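Visitor: I should like a close look at a single part of this model, namely one of its pockets and its lining. Please then place that part in its wider surroundings.

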Amino acid sequence: MVRDLACGEIPLRLYDSLNVRQAGPLILFFHGGGFVFGDLDSHDSFCRFLAQRSGLPVLAVDYRLAPEHPFPAFVEDAEAVARWVAMQPEALGLALSGLITCGDSAGGHLAILVGQRLSARPADLPVLAQWAIYPFLGAGSDWPSMREFGEGYMLSQSAMDWFDGLCGKPEGDPSYNLLLGPIPQVPLVIQIASLDPLRDAACHYADMARNAGAKVIEIGAEGMIHGYVNMRLVLDSAQQDIENFLAAGLACLATSASDGGFGLLRACYREA
């Protein structure tokens, strides 16, 4: 089942592989695209895959984009949808136990940010986990991976500067530079591409979360460039990387109330 709906003026798309389900989590998905590109259609295939393989409902969010809507429009939309879903899940026709925030690149930023925001000021439903794929942290360009992979590896330094300029790049704002924000005690499943200029900032955030006491599952995508979520049919290892990510996310969800239980997937990720 795929159904279009809206939260106010924010378009949404709900994916559900089951006609009838009991109460459980919802994956709240934010697409990548530098806060400038992307929409419900750009990540439709991935959301269908996510709903089918996870067995969970997926709600994709078509948040406002720059330059027409610079920061903090996309931040406001992401949080607003999360709180709306938590307040009235019956609008989706679902009984929900909590939210899993999920996204790639800029969407990974929003997945982490919503986790931060809803932990600092709880909504009517808890955030059960944050699933971030090669997330943008808004942490500037002074990283070795930026210098090493800033040209010739899909996402360039000049493109990131362009995105920042269109977004307004608010210096020192913890809603943009997530390294400055609060670290929630919510499990974080983060996949990081080895050839991505965003690699080191993402690794640093994972270390910060781990040191703050959060459960962190850090999964490497070896030999992979930024943006592979939508390249699964042309990059041989991309599909397996996404399978590993989803398997770890579901394992984390299933064991989040216990002290361990990740042994079966240790070949796929590094556990804190």
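Guide: The lining of the second largest pocket divides into 11 nonpolar, six polar and four charged residues. This is a predicted model, and in it the second largest pocket has a volume of about 240 Å³. Of the 21 residues that line this pocket, Gly-138, Ala-139, Gly-140, Ser-141 and Lys-169 are the closest to its centre. Helix α5 supplies four residues, the largest share of the lining of the second largest pocket.

Helix α5 leads on to another site. Spanning residues 157–167, α5 also gives the largest share of the lining of the largest pocket, again four residues. The space in the largest pocket amounts to about 430 Å³. Its lining consists of 25 residues, and those nearest the centre are Gly-32, Gly-33, Gly-34, Ser-105 and His-226. By character, the lining of the largest pocket comprises 13 nonpolar, 10 polar and two charged residues.

Beyond the pockets, helix α1 deserves attention. It covers residues 44–54, and its buried residues are Asp-44, Phe-46, Cys-47, Phe-49, Leu-50, Ala-51 and Ser-54. The elements that cover these buried residues include the strands β2 (10–15), β3 (24–30), β4 (58–61), β5 (96–104) and β6 (127–133), together with helix α7 (238–255). Just after α1, Gly-55 adopts a positive phi of about 75°.

Two of the covering elements may be followed further. Helix α7 contains Ala-248. Ala-248 counts as buried because its relative accessible area is 0%, and the cut-off for that term is under 20%. The C-alpha atom of Ala-248 is separated by 25 Å from that of Leu-94, a residue 154 positions away along the chain.

The other element is strand β2, which runs antiparallel to strand β1 (residues 2–7) and is joined to β1 by six bridges. Within this pairing, Ala-6 stands opposite Pro-11 of β2. The hairpin formed by β1 and β2 has two residues between the strands, and Gly-8 in this hairpin takes a positive phi near 65°.

To return to the starting point, α5 contributes four residues to the lining of the second largest pocket, and four residues of α5 likewise line the largest pocket.

How values were computed:
Residues numbered from 1 in each chain as written. Predicted model: local features only at pLDDT ≥ 70, side-chain atom pairs only at ≥ 80, totals over all residues. Heavy atoms only, no water. Buried < 20%, exposed > 50% of the residue type's maximum accessible area, 1.4 Å probe, protein only. Contact = heavy atoms within 4.5 Å. 1 Å grid on protein atoms, 1.4 Å probe; cavity = no way out; pocket = protein on both sides within 12 Å on 5 of 7 lines; lining within 4 Å. Points joined across faces, edges and corners; volume = space filled by probe spheres on them. Nonpolar A, V, L, I, M, F, W, Y, C, P; charged D, E, K, R; others polar. Pairing = 2+ DSSP bridges.
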